[in-house]
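Student: Got a minute to go through this model with me? I'd like to start with the charged side chains.

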Amino acid sequence: MKKTTSAIYISGLLAFFAGAAQAAEDVGSRNLAAACAACHGTNGHAVTGMSALAGMDKAYMVKTMQEFKTGKRPATVMHQLAKGYSDDQIGQIAEFFAKQQK
Amino acid sequence: MERREFIKLASAAAALAALPGCATSSGGKSIGRVVVVGGGYAGAAAAKYVRLWAPDIEVVLVERDADFVSCPLSNRVLSGGKSIKDLTVSYSKLGSKYGVQVVHDEVTAVDADKRTITLARGNTISYDRLIVAPGIDFMYDAIAGLNNADAQKKVLHAWKAGPQTVALRKQLEAMRDGGVFAISIPKAPFRCPPGPYERACLAAFYLKQHKPKSKVLILDANEDIVAKKGLFTKAWKDLYPGMVEYRANSELVDVDANTLTAKLQFEDVKADVLNVIPPQRAGKIATSAGLITANNRWCGVDYLSYESVAQKNIHVLGDATLAAPKMPKSGHIANQHAKVCAAAVVALMHGGEVYTEPLIANTCYSYVSDTEAVHVAAIFKYDANGKTMASVPDSGGLSSAASDIEGMYAEGWAQNIWADMLG
């Protein structure tokens, strides 16, 4: 019993450090994407009530954000938030989330 | 290592004993220590994100309370839609998942030259960088009749979630049908600009069900409704007709706590339940640490790193900071400060450069009934000329109308932002 818990703890910790090393690759996109985490969960891992962004296909996210911007896709809040980001910034953010494990 | 041992190691006493060793929970050598003071929306997120992004930095979080209790959503305790338990989150995962050493105590002093803090229990802890996120303190010295503990028990603020929130709900439950619930709002800036008007909605929601002859009277020191004006006035008119009265330019001068009388400049207003949201300033430790730079109340910061403009190696986050124009004192903004600061602290401690193009978001949801909510949103970017944060043109905005779906998203926001800081 004790072994199991500590094994889970250690594997969790390894995953945590691996994630940190990966994130260090591109600090700019990591920083931009962190703003989304308040609603969509840390690194895009939503807990409930909002869509998860972790592992989302990059092309799908870029297209969806554009559709929020133009109003093609109806939204309560994302149309207002998406308009705050340039196409380049959206590309960076989408790249970051696409790299996160689902 | 046995889990029991690990927990013991992470416990406050052991953490303090182990501090001089500078070992990180990864077993490697730590490159330095960050101490965070205050575990609210800003401080807890900063502690977690420094560890998330730099496992080689040791992080100690000093927090007075045993658990986190959220201010956002706490007005729903008044309407009966939530209990305080629903708004309470444990600090335990900061230790078990991220290796943050959580110490439950109060910081009594900061020595910026020696880079140490002193705890109420007497220990000192040294830091390489200090992150101060003390929230707000109330300026009771500005309201003579409220400047004692007895009066403060009768006239509640309920502007820090917890026992005061529950006590205010009890006062509403005990109020007679036909009574007046008065809310006094201080001059801006204050914590959570839409909060007082949301409170009026949710008190009216409760009173409409249980004491329909009662009134909600808003005494606002400001010359107009500070946030989401159209959405709130519509809610008062449509959902609670005749129940909510709004009075602008009604700054509180004094209070008689025994008769529950709000003294304004030209008149006295007697209430059955009187709720005074006092004027605010940065939490006490900001004063003793020499961080106050604006109006004797707020802490000026560099918006690229949240480093204090007054003290080197000390960063200030959240409601205690001097806000850039239009940037509200909100939980969401506090979360965003935390990440910009965490990124800067990690970069600086690794000998790197601070990121110069931060973009941060704000979204404040407010409930207007037990199910329907509205929001205001904005995106801010760094303005290098003005050295401030400015809203990105054409971004942001308000809800078009109150809705149940936004009530659900408001709940989703809360669950996710709590997990983003503590989960």
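Student: What does B:Arg281 form a salt bridge with?

Tutor: B:Arg281 pairs with B:Asp141, and their closest N and O atoms are 3.8 Å apart. A salt bridge here is a side-chain nitrogen of Lys or Arg within 4 Å of a carboxyl oxygen of Asp or Glu. The two residues are 140 apart in chain B: B:Arg281 is in strand S18 (residues 280-282), and B:Asp141 is in the loop between strand S10 (136-138) and helix H6 (149-154). Helices (H or I, at least four residues) and strands (E, at least two) are DSSP runs, numbered from the N terminus.

Student: And where do these coordinates and numbers come from?

Tutor: This is a predicted model, in which local features need pLDDT of at least 70 and side-chain atom pairs count only at pLDDT 80 or more, while totals for chains, interfaces and linings use all residues. Residues are numbered from 1 along each chain as its sequence is written, chains are lettered from A and ligands numbered from 1 in the order in which they are written, and side-chain values use heavy atoms, with hydrogens and water left out.

Student: Back to that pair. Is B:Asp141 buried or exposed?

Tutor: B:Asp141 is exposed, at 53% relative accessible area, while B:Arg281 is partly exposed at 23%. The cut-offs are under 20% relative accessible area for buried, over 50% for exposed, and partly exposed in between (1.4 Å probe, protein chains only).

Student: How many salt bridges does the structure hold over all chains?

Tutor: There are 24 over all chains. One of them joins B:Arg129 to B:Glu307, with 3.5 Å between the closest N and O atoms. That one links distant parts of chain B, 178 residues apart: B:Arg129 is in strand S9 (residues 129-132), B:Glu307 in strand S20 (residues 307-308). Both B:Arg129 and B:Glu307 are buried.

Student: What about B:Arg169 and B:Glu173, how do their side chains meet?

Tutor: In a salt bridge, 2.7 Å from N to O. They are separated by about one helical turn because they lie 4 residues apart in helix H7 (residues 163-174) of chain B. B:Arg169 is buried at 17% relative accessible area, whereas B:Glu173 is partly exposed at 40%. There is also a network: B:Lys215, B:Glu245, B:Arg247 and B:Glu267 are joined by salt bridges that share partners.

Student: Switching to aromatics. How many pairs does a search of the whole structure find?

Tutor: It finds 11 over all chains. Rings of Phe, Tyr and Trp (its six-membered ring) pair if their centres lie within 6.5 Å; planes under 30 degrees apart count as stacked, over 60 as edge-to-face and the rest as tilted.

Student: Why does the pair of B:Trp236 and B:Tyr246 count as stacked?

Tutor: Their planes are at 20°, with the ring centres 6.2 Å apart, so the pair is stacked. B:Trp236 is in helix H9 (residues 229-239) and B:Tyr246 in strand S13 (residues 244-247) of chain B, 10 residues apart. B:Trp236 is buried at 6% relative accessibility, and B:Tyr246 is partly exposed at 23%.

Student: Which residues form one aromatic cluster with B:Trp236?

Tutor: B:Tyr197, B:Phe232 and B:Tyr246.

Student: And which residues of H9(B) are buried?

Tutor: B:Leu231, B:Phe232, B:Ala235 and B:Trp236. They line one face of the helix, because seen down its axis they fall within an arc of 135°, taken from the directions from the helix axis to the C-beta atoms. Elements that these residues pack against include helix H8 (195-210), strand S12 (215-220) and S13 of chain B; contact means heavy atoms within 4.5 Å.

Student: Where does the charged end of B:Lys329 sit?

Tutor: Over the ring of B:Trp298, 3.7 Å from its centre. The charged end of B:Lys160 sits over the ring of B:Phe138 at 5.1 Å from the centre. The test is NZ of Lys or CZ of Arg within 6 Å of the ring centre and within 35 degrees of the ring normal.

Student: Last one: how many helices and strands does chain B come to?

Tutor: It comes to 12 helices and 25 strands. Buried residues make up 57% of the 423 residues in chain B.
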